[in-house]
Amino acid sequence: MAEDQIEVPGWGVLPCCRFGSTVEIEERLAALVIAGRKRATVWDGREENPTGPGMRWAVMAGARPVAVMETVTVGRRRFAEIDDAFAALEGEGDGSLRFWRLAHQDYFEKSGAFDPDMWLWWEEFRLVAVIDGDLAAAAPGHVAAEEAEARQMLTARG
């Protein structure tokens with residue numbers, strides 16, 4: 001989660017929230033938020049926790065705000081303690097715990113931080129407003145692509 005801020009018309013200055021490590025992934029995951037599929041996230045538990053219940057965020061895709069979300073609840077748990085229910089709330093891939101573990105292990109290994117016992121911050125949030133109508137219109141396509149890529153990855157990994 002980024003700590004920068006942006007002026008969002010009608011919402012004032014909000015802290016920015018980016019999901020993913022590239023602009024393409026940010027756009028895909030922001031589309032999942034807009035589609036109502038992604039309602040949770042995690043980040044490295046060694047980092048500072050910048051959020052709390054009731055806090056509103058500008059969901060970013062590249063340099064533009066595309067939605068506003070509000071933190072519902074936040075806490076910490078170990079990577080290995082993430083369960084089926086949370087994986088489904090995070091809404092990535094096919095929503096399964098198997099996909100969640102593979103994708104997040106890959107992500108944290110690339111950053112040099114993976115350990116099954118590592119602490120994660122987890123957050124559940126709700127969509128408050130959609131700002132980018134074009135991304136909203138494209139969201140079903142992003143969901144379909146996310147599911148197809150998940151099937152492909154899960155098949156490839158047996």
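**How the helices meet**

Guide: Let's start with a contact: Glu27, Arg28, Ala30, Ala31, Leu32 and Ile34 of α1 meet Leu135, Ala136, Ala139, His142, Val143, Ala145, Glu146 and Glu149 of α4. By type, the residues in this contact of α1 with α4 split into 9 nonpolar, 1 polar and 4 charged. One caveat up front: this is a predicted model.

Visitor: What makes α1 and α4 count as roughly perpendicular to each other?

Guide: It comes down to the crossing angle. The axes of helix α1 (residues 23-34) and helix α4 (residues 133-156) come within 8 Å, and they cross at roughly 110°. Roughly perpendicular covers 65 to 115 degrees, so α1 and α4 get that label. As for handedness, the crossing of α1 past α4 is left-handed.

Visitor: How do you know that the length of α1 agrees with 1.5 Å a residue?

Guide: Set one value against the other. With 12 residues, α1 should span 16 Å, and the C-alpha atoms at its ends are 16 Å apart, so the two agree. After α1 comes Gly36, with a positive phi near 85°.

Visitor: Which residues of α1 are buried, and what do they pack against?

Guide: Glu26, Arg28, Leu29, Ala30, Ala31, Leu32, Val33 and Ile34 are the buried ones. They pack against β4 (56-61), β5, β6 and α4.

Visitor: Arg28 is a charged residue by type. Why is Arg28 called buried?

Guide: The label follows from the accessibility value alone. Arg28 sits in helix α1 and has 15% relative accessibility. Buried means under 20%, so Arg28 makes the cut. Setting aside neighbours within four places in sequence, Arg28 touches His142, Ala145, Glu146 and Glu149. For a sense of distance, Arg28 and Ile82 lie 54 residues apart along the chain, with 22 Å between their C-alpha atoms.

Visitor: And Glu149, one of those partners of Arg28: what makes Glu149 partly exposed?

Guide: Glu149 belongs to helix α4, and its relative accessible area is 43%. Buried would need under 20% and exposed over 50%, so Glu149 ends up as partly exposed. Between Glu149 and Ala103 there are 11 Å, C-alpha to C-alpha, at a sequence separation of 46 residues.

Visitor: On to the other helix pair. Why are α3 and α4 called roughly perpendicular?

Guide: Again, check the angle. The α3 and α4 axes come within 11 Å and cross at roughly 80°. That value belongs in the 65 to 115 band, so roughly perpendicular is the verdict for α3 and α4. On the α3 side, the contact is made by Arg98, Phe99, Leu102 and Ala103, and on the α4 side by Glu146, Ala150, Met153 and Leu154. The residues of this contact of α3 with α4 divide into 6 nonpolar, no polar and 2 charged.

Visitor: How does the reach of α3 compare with what is expected at 1.5 Å a residue?

Guide: Helix α3 (residues 97-110) has 14 residues, and from first C-alpha to last it reaches 20 Å, close to the expected 20 Å. Its buried residues are Leu97, Phe99, Trp100, Leu102, His104 and Phe108. Their cover includes β3 (40-44), α2 (84-90), β6 (119-130) and α4. Gly112, with a positive phi near 75°, follows α3.

Visitor: What makes Asp115 partly exposed?

Guide: Asp115 is in the loop between α3 and β6, and its relative accessibility is 37%. Partly exposed lies between the 20% and 50% cut-offs, so that is the label for Asp115. Asp115 and Phe79 are 7.6 Å apart, C-alpha to C-alpha, and 36 residues apart in sequence.

Visitor: Last one: why is Ala67 called buried?

Guide: Ala67 is part of strand β5 (residues 64-78) and has 0% relative accessibility. The cut-off for buried is under 20%, so Ala67 qualifies. Not counting residues up to four places away in sequence, Ala67 touches Ile34, Trp57, Ala58, Val59, Leu127, Ala129, Val130 and Ile131. One of these, Ile34, also features in the α1 side of the contact with α4. Thr155, meanwhile, is 88 residues from Ala67 in sequence and 33 Å away in space, C-alpha to C-alpha.

Notes: Residues numbered from 1 in each chain as written. Predicted model: local features only at pLDDT ≥ 70, side-chain atom pairs only at ≥ 80, totals over all residues. Heavy atoms only, no water. Helix = DSSP H or I, 4+ residues; strand = E, 2+ residues; numbered from the N terminus. Buried < 20%, exposed > 50% of the residue type's maximum accessible area, 1.4 Å probe, protein only. Contact = heavy atoms within 4.5 Å. Axes fitted to C-alpha atoms, helices over the stretch in contact; angles between N-to-C directions. Parallel < 35°, antiparallel > 145°, perpendicular 65-115°, else oblique. Left-handed = near helix turned anticlockwise from the far one by under 90°. Expected span 1.5 Å × (residues − 1).
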